[in-house]
Amino acid sequence: MKYLSSTKNPEIKRLRLLSQKSRERKKQAVFLIEGLRELKKAIAGGYCINALFVEEGSEIGFEDICQKLSDSEQFLVSLAVFEQISIRSGSEKIVAIAQAKNHSLDTFSLNKNALILVIEAPEKPGNIGALYRTAAAAQFDGVIIANPKTDFYNPNSIRSSLGCLFLLPTAISTSDEVIAYLNEKEIFIATAALHAEAVPYNQFEYKTPIALVMGTESTGLNTNWLEASHQHLIIPMSKEVDSLNLSVSAGILMYEARSKKIERKKH
């Protein structure tokens, strides 16, 4: 391993730039992963790891992963410098640079009975991460992000997903293109929306393939989705409460869809 002990080192400057600038991550088509758990999930998800940075004194704990990624560049970083590049203030001892994937709809391939989560116009990286974590836990087959308002590989998205963001096939496109794709593939569109024709989420069959579409907490779904929807769904709640957190709402719908799919298999 090459030893890095100065913040003026080109590799360290690049790390800090990638950590802070979404534009730079997109330009170089790479992103950062911090933490062994997240790194292992990225490898399991088929991501290419370009470089590893290990905090000095922690190298013994990462011998296995370094051997597994022997083709990547590897650096040992002094304690003082690693503190400067760590997003989590030193709680994790390894940082990686990974190659971004192609997330076009053309490469998005699912089985014929797929459960898909569609997220429209997500703005908060923490919400995106939480949605991926729940989608992975509920064994969804893929995620589509329509009209994204933030960088998919934002470090906070990765952190809040606990690396689950790497485990699910993902497509990113405009709402119009996503709607056209779902219709072309004959995938049922179920939207979470307050609508006169909406039915309670637990009274719906969720026959697959199906896309569960979630909008933002503040404005909900745009008109295109409301018009394209095959069925609107609502979550009944107390009159004293007018809304639920996005990730909570999505979790309720995803687990209901998963449960209905399992029930059909039994019969």
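Which strand and which helix each supply at least two residues of the lining of the largest pocket? Hold that thought for a moment. A word on the source: this is a predicted model.

Let's start with the sheet. It is open and has seven strands. The order is S8-S7-S6-S11-S9-S12-S10, and the pairing is parallel. Look at the edges. Strand S8, residues 170–173, and strand S10, residues 199–200, stand there. Each has a single partner strand, so one side of each is left without a neighbour in the sheet.

Now go inside the sheet. Strand S9 covers residues 188–192, and strand S11 covers 210–214. They run parallel, joined by four bridges. One pairing to find on screen: Phe 188 has Ile 210 in S11 as its bridge partner.

Next, the helices. H10 packs on the sheet and touches S6, S9, S11 and S12. Its direction makes about 165 degrees with that of S11. Helix H8, residues 175–184, lies across S6, S7, S8, S9 and S11. H8 runs at about 140 degrees to S7.

Back to the pocket. The largest one has a volume of about 580 Å³. It is lined by 23 residues. Closest to its centre are Ala 192, Ala 193, Leu 194, Ser 243 and Ser 249. By class, the lining has 13 nonpolar, eight polar and two charged residues.

And the opening question? The strand is S12, residues 231–234, and the helix is H10, residues 246–266. H10 gives the most to this lining, with three residues. So keep H10 in view: the helix that touches S12 on the sheet also helps line the largest pocket.

Notes:
Residues numbered from 1 in each chain as written. Predicted model: local features only at pLDDT ≥ 70, side-chain atom pairs only at ≥ 80, totals over all residues. Heavy atoms only, no water. 1 Å grid on protein atoms, 1.4 Å probe; cavity = no way out; pocket = protein on both sides within 12 Å on 5 of 7 lines; lining within 4 Å. Points joined across faces, edges and corners; volume = space filled by probe spheres on them. Nonpolar A, V, L, I, M, F, W, Y, C, P; charged D, E, K, R; others polar. Pairing = 2+ DSSP bridges. Contact = heavy atoms within 4.5 Å. Axes fitted to C-alpha atoms, helices over the stretch in contact; angles between N-to-C directions.
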